[in-house]
Amino acid sequence: MPTNNMTRLDPNSQAASKGLSDLSIRNLFIIPTIAFLIIFNIFPLLYSLGYSFTDFRASTNAPAKFIGLQNYRELLNDPFIWKNFSITAKYVLISVTGQVVVGFGLAMLLNRAIPAKGLITTLLLLPMMLSMAVVGLFWKLLYDPNFGIINYFLGLGKFEWLADPDVALWAIAIVDIWMWSPFVMLLSLAGLSAVPKHLYEAAEIDRAGNIYTFFRITLPLVAPILMIAIIFRTMEAFKTFDLAYVLSSQPTTELIAIRLYKMAFQEWQTGMSSAFAYIVLIMVVAITNIYVKYLNKVKAR
Amino acid sequence: MKRKMTGMLAGAAISALMATSAAAEDLVIFWAEWDPANFLQELVNEYEEETGISVTVETTPWADFQTKAFTEFNARGSAYDMIVGDSQWLGAASEGGHYVDLTDFFKENNLGEVMAPATVKYYAEYPGNSGKYWAIPAEGDAVGWSYRKDWFEDPAEMEAFKAKYGYDLAPPKTWAELTDIAEFFHRPDEDRYGIAIYTDNSYDAMVMGVENAIFSYGADLGNFETYEVDGYVNSDQAVAALENYKKLYSYTPPGWAKTFFVENNQAITEGLVAMSMNYFAFFPALLNEASNPHAANTGFFANPAGPDGDQFAALGGQGISVVKYSENQDMAMDFLEWFIKDETQKRWAELGGYTASAAVLESDEFRQATPYNEAFYQTMFKVKDFWAVPEFAELLTSANQRLYPFIVGDEGTAKETLDALASDWENTFKKYGRGQ
């Protein structure tokens, strides 16, 4: 952007008295950020791309040997990796759907005049302020079949939430839904409060039903902000590590982030894990792009 | 000016403090966070009293131990002078150039004779039978069993057991007896269960548990010299052992699907099970009334024999190595000279450490010092270990991926599981050019 379009520096300000031009101030803010981004993001990203074509193992002194696309070939032919991907996809679907339903539902309930609304909203936000590892540890106790409070209240006896391979992933998703629905609720509340009241009045005059009003007025107008919540939550759910790692070690709950961690920092397959990270990165970028395109379409409507 | 002066003085004071602390901490030993590390700190405090050289035992939780140690190695960091590393690390740490070669030290001090043979073989030597040594056996350990003496000695239980199985209820001598006893005491309606075994499929937890069965059934994981695995890890004996381990899982308490040493000790302290598998290093806590209300009624036994009389146990424990990147290697070697002395090893055992010194282990004083020392002594002469090759973690991952779905998820058969594991391991060895 040309400098003459920028807001002029107040000649009486301290910056001006030190002789800093608009350009200098802009650079002062931008250059450290760019440098930080290049050193800690771009450089490692490109460096690991290089490693992904080698057999490098950080735990040995052996030099990295170029092996072309072998790492990618091995990973994409490994049935366990595909299992990790399908587990992750299932987890993202359950978790994000649950968060949208619960979060949006809570926002609808709170989008009206109720006593102590501020306090209730604040209390509902508490779960997402906790640490993932702490949440994992205390839900592990809640789920415990011997003394856990969940089985006690639901009258489920010794039901094994985390030990049953078919249930464990759902159990983890429930915790994620509990923790992150407030985030969706918060964004939905912002969207709901921005819906012009006169639209509801007009619908009421036209004797439109609640369902019709919801699908024709509320949802379309909140959709763009809801999509942003979904994009954030999908990306986060896709890279979930701590919750699943703390709660269960079932093969049916081994998400890609867990497999990647084991490959990189327990097995020290540095080249192979770099390739794996790139495959995950490409997938996340692709999914996000689809969402963003859909978001733009929703906005255009 | 005054502010500037104050700042400079503060800076100088901090620098002086830092310099003092650096000088006071002469040697750092890195280990996992558990009781033996506290005992080692007590021991090395005595070294400081003798020599004036302070030694700090720095610890980290078990879950991070391998990752943190190798991250430091990979960075060629000098934060640790010595490390009490797992036996499986020998290949990775020696081939990676992270450990100092202790072969000469080993031979000069005749440690091959001084230390129990199994500890020399598994904690110190790599490759197997090469005569190259990278660690001094420090903390001997293996998997043993604790049990509820009061349940076993209850006359009504003894009578009912004899009527059902035709022999006396006593600590099991075979895996068949172990399974019978687990079945006998498994009474979910009374909130009482048969047995606690390792089922956590991270790192080596469940694999160590399964190894106890496989080794005692007379099978091996493979040929450690030729890297052949087909016909070893999937032999008929190994298949029978895995089937038995899975059977034991059906006698565990509810939710027993991610359990390791903490949960297995809890199974005893909470009065849940009749028998519990665990490393000997965790048994002191079971004799402490403060941590175990059933301490007076807790007994111990060695891993039982298999159907053909073979009796082995999975090896735990660690050796102490000097880190190649340490700036205090000479001091570290002096410390090791002190550590291997008979009187130091005796003191180590008195403090609660599991010495690997053959003389101390064989002494009546050691064997009678605690109710589990005799079982430990017997076990340390019949232990076997996992692969110690640099790619051991990949082998563990394959084992976890194959064994867990069979044991906990009830998928496939034992034969299919072990055939698939043999194939995975063959591919891994092929990838790294071993045995070709």
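What average pLDDT does chain B have, and what share of its residues score at least 70? Chain B averages a pLDDT of 91, and 94% of the residues score at least 70; pLDDT is the predictor's confidence in each residue, from 0 to 100.

This is a predicted model, in which local features need pLDDT of at least 70 and side-chain atom pairs count only at pLDDT 80 or more, while totals for chains, interfaces and linings use all residues. Residues are numbered from 1 along each chain as its sequence is written, chains are lettered from A and ligands numbered from 1 in the order in which they are written, and side-chain values use heavy atoms, with hydrogens and water left out.

**Where to read with care**

Over residues 1-24 of chain B, pLDDT stays under 50, and the model has 1 contact (heavy atoms within 4.5 Å) beyond four places in sequence for this stretch. Where pLDDT is low, the predicted coordinates should not be read in detail.

**A helix pair in chain A**

Helices (H or I, at least four residues) and strands (E, at least two) are DSSP runs, numbered from the N terminus. In chain A, the axes of helix H10 (residues 210-238) and helix H13 (residues 270-300) come within 9 Å and cross at roughly 175°. Axes here are lines fitted to C-alpha atoms, for helices over the stretch in contact, and angles run from 0 to 180 degrees between N-to-C directions. H10(A) and H13(A) are therefore roughly antiparallel (an angle over 145 degrees) to each other. Residues making the contact include A:Met227, A:Ile231 and A:Phe238 of H10(A), and A:Ile287, A:Tyr291 and A:Lys299 of H13(A). By class, the contact has 17 nonpolar (Ala, Val, Leu, Ile, Met, Phe, Trp, Tyr, Cys and Pro), 2 polar (the others, Gly among them) and 1 charged (Asp, Glu, Lys and Arg) residues.

An unreviewed UniProt entry lists "transmembrane region" stretches in chain A, among them residues 91-110 and 275-292; such annotations may be inferred rather than shown by experiment.

| Residues of chain A | Helix | Strand | End C-alpha atoms apart |
|---|---|---|---|
| 91-110 | 100% | 0% | 28 Å |
| 275-292 | 100% | 0% | 26 Å |

**Backbone details in chain B**

The loop between helix H7 (117-124) and strand S4 (136-139) of chain B holds B:Pro127. The peptide bond from B:Tyr126 to B:Pro127 is cis, with omega near -15°. B:Asn129 also has its place in the loop between H7 and S4, and its phi is near 60°, a positive value in a residue other than glycine. B:Asn129 counts as exposed (over 50% relative accessible area, 1.4 Å probe, protein chains only) because its relative accessibility is 58%.

B:Asp410, in the loop between helix H19 (392-407) and helix H20 (414-431) of chain B, has phi near 60°. With 56% relative accessibility, B:Asp410 counts as exposed.

Methods
Angles under 35 degrees count as roughly parallel, over 145 as roughly antiparallel, 65 to 115 as roughly perpendicular and the rest as oblique. Buried means under 20% relative accessible area, exposed over 50%, partly exposed in between (1.4 Å probe, protein chains only).
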